[in-house]
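Subject: Structure for your review

Dear colleague,

Please find below the structure that I am handing over to you. I would be grateful if you could look through it together with the findings set out after it.

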Amino acid sequence: MSAETPRILFVDDDIVTCRVMQRNCDNAGYACDAFQNGADCLALFNKQGADVVITDLRMPGMNGFELLSEIRKIDSEVPVLVMTGYSSVENAVEAMKRGASDFIKKPFDFTELKLLVERALKSVRLRNENRLLKKRLGEERHRFGMIGDTPAMQTLFNTVEKVAEVSCSALITGDSGTGKELVARALHDFSPRKDAPFVAVDCGALTTTLLESELFGHEKGAFTGATQRKYGLMEQADGGTLFLDEICNISDTMQIKLMRALESSKVTRVGANTAVPVDVRVIAASNRNLEQMVEEGHLRHDFYHRLNVVNIHVPSLSERRQDIPALVDAFVQEFADRYSRQVQGFDKASLQKMCDADWPGNVRELRNTIERSVILAEGPVLHWEGTNVPKTGSQLPVHFSEEAFCTLTELEEEYIHHVLRCFNGKKTRAAEVLGIDKTTLWRKLRRLETEEEAV
Ligand SMILES: Nc1ncnc2c1ncn2[C@@H]1O[C@H](COP(=O)(O)OP(=O)(O)OP(=O)(O)O)[C@@H](O)[C@H]1O
């Protein structure tokens with residue numbers, strides 16, 4: 001028997017009908033199990049499933065309607081054909097209402113039944129093919145681990161595909177949370193450099209001196225605290241990709257040093273006399289208008305052009321609202337799995353509100369909103385009121401006292417540390433929950449540390 005042999009479960013309390021049916025099915029090339037009661041059929045269906053179930057309606061014990069309802073609880077799609085010797089319109093209507101795919105009047109000849117079985121099998125085949133096709137289409141549309149069905153995202157995916165092939169520098173622009181880092185990773189993962197490291201540096205998080213030592217490394221004794229040689233990130237990324245995030249925050253001195261390293265493909269560790277050859281592809285990202293920064297003199301013209309060989313712009317979420325339902329679905333699924341929550345998705349009105357909202361924090365903000373909704377879910381259907389709902393006191397995770405007051409700065413410090421503690425010090429997660437980018441969090445923490453040192 002081949003794996004494609006259709007499996008039929010047949011139920012009729014008359015033993016002769018069962019035997020005839022089995023014989024006819026054998027001859028027709030179906031694998032048929034026949035039962036004289038609904039409970040036995042249900043037990044096997046529960047264990048192995050079937051391609052088609054054919055059941056009589058009037059039977060002692062579990063009748064055909066009850067069997068149909070039980071099967072529908074397990075499988076909402078398997079075709080169930082009902083047979084009835086007491087053919088009445090009411091029975092047929094009732095059977096179809098309960099989810100039967102077809103019905104047949106008794107007595108019938110096998111050729112007649114076979115036609116119905118073939119029709120049912122064909123509809124199952126078509127549905128499966130359709131699903132497969134949709135899945136394939138979906139995979140094509142959701143490329144590089146990114147969701148995006150809109151023309152803007154399809155254009156982006158095509159550009160990523162082309163740019164990934166070559167090793168040129170690329171500048172990724174777009175608002176915070178639009179997915180620039182995902183694009184950078186895709187450029188690396190789909191490039192010939194994919195087996196070498198992808199090294200990301202948050203340029204906004206480090207002072208010029210620290211960034212220099214991070215990027216270029218240093219020799220033992222190069223400065224106080226340099227107790228041993230350190231290989232810089234550029235050397236670590238050798239053969240791979242160096243991702244410079246928040247490039248707009250880099251100082252003039254560093255722009256010059258970095259440009260020199262990129263032009264010569266060599267780095268000089270801090271405190272070293274000789275340069276070491278490196279082969280890195282540089283991808284930079286910024287959420288600021290770099291052309292304007294060049295015009296205003298905050299960014300070097302030559303540095304900007306060195307990075308901007310190809311510009312990949314990631315559109316903000318409000319420019320591609322049609323992607324919101326697919327993103328919502330994917331994030332609901334992701335967080336339902338992660339937090340083991342039995343949730344189906346948002347109700348229609350909430351989904352509409354999500355599609356209409358502005359999402360200044362873009363995909364990151366949408367993702368965080370969904371994560372929160374899934375964690376706090378009170379039932380299988382999620383509900384979202386919108387971003388503009390004022391928070392009541394009880395929703396705030398801090399307790400305010402009428403006797404003791406603190407400054408906003410103190411409150412901010414307290415809250416940042418609270419969130420960091422909740423996420424075991426993980427700054428990326430903390431920044432997401434706080435609704436700020438990583439650089440801003442780093443800056444705030446640096447400011448707090450400096451203030452503590454000064455006390
Ligand atoms: N198209 C997308 N499909 C699925 N997830 C996405 C998509 N775009 C962004 N995300 C998710 O949104 C979050 C923010 O993305 P990412 O960090 O790449 O943004 P960014 O533009 O680099 O942000 P920033 O400028 O603040 O560094 C991440 O969790 C990312 O996985």
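The paragraphs below describe the overall make-up, the central sheet, the ligand site and one loop residue.

Please note that this is a predicted model. The protein contains 18 helices and 16 strands. Of its 455 residues, 30% are buried. Among contacts with a separation of 6 or more, 69% are between residues 24 or more positions apart.

One open sheet is built from five strands, in the order 7-10-13-6-14, with parallel pairing. Strand 7 (198–202) and strand 14 (310–313) are its edges; each has a single partner strand, so one side of each is left without a neighbour in the sheet. On average, and with direction ignored, neighbouring strands of this sheet are turned by 20° against each other. As general background, the strands of a sheet pair through backbone hydrogen bonds, in either a parallel or an antiparallel manner.

Within this sheet, strand 6 (residues 170–173) and strand 13 (residues 281–286) run parallel and are joined by four bridges. One residue pair can be named here: I172 has A285 in strand 13 as its bridge partner. Helix 6 (residues 151–165) lies across strand 6 and strand 14, and runs at about 150° to strand 14.

The ligand site may be of particular interest to you. The ligand is surrounded by 17 residues, of which S176, G179, K180, E181 and V363 are the closest. By character, the shell around the ligand comprises four nonpolar, seven polar and six charged residues. At least two residues of this shell come from helix 7 (180–189), and at least two from helix 15 (362–375). Where does the ligand lie with respect to domain 2 (146–315) and domain 3 (318–389)? Both domains give residues to the shell, so the ligand lies between them.

Finally, I draw your attention to R98, which is placed in the loop between helix 4 (89–97) and strand 5 (102–105). Is R98 to be counted as buried or exposed? R98 has 16 C-beta neighbours inside 10 Å, and therefore counts as partly exposed; the buried class would require 20 or more, and the exposed class 12 or fewer. When neighbours within four places in sequence are left aside, R98 is in contact with F65, L68 and S69. For F65, the C-alpha to C-alpha distance to R98 is 7.4 Å, although the two residues are 33 apart in sequence.

With kind regards

Definitions and conventions
Residues are numbered from 1 along each chain as its sequence is written. This is a predicted model: local features need pLDDT of at least 70, side-chain atom pairs count only at pLDDT 80 or more; totals for chains, interfaces and linings use all residues. Two strands pair if DSSP finds at least two bridges between them. Axes are lines fitted to C-alpha atoms, for helices over the stretch in contact, and angles run from 0 to 180 degrees between N-to-C directions. Two residues are in contact if their C-beta atoms, placed from the backbone, lie within 7 Å. A residue is near a molecule or strand if its C-beta atom, placed from the backbone, lies within 6 Å of it. Ala, Val, Leu, Ile, Met, Phe, Trp, Tyr, Cys and Pro count as nonpolar, Asp, Glu, Lys and Arg as charged, and the others, Gly among them, as polar. Domain bounds come from an automatic or database domain assignment.
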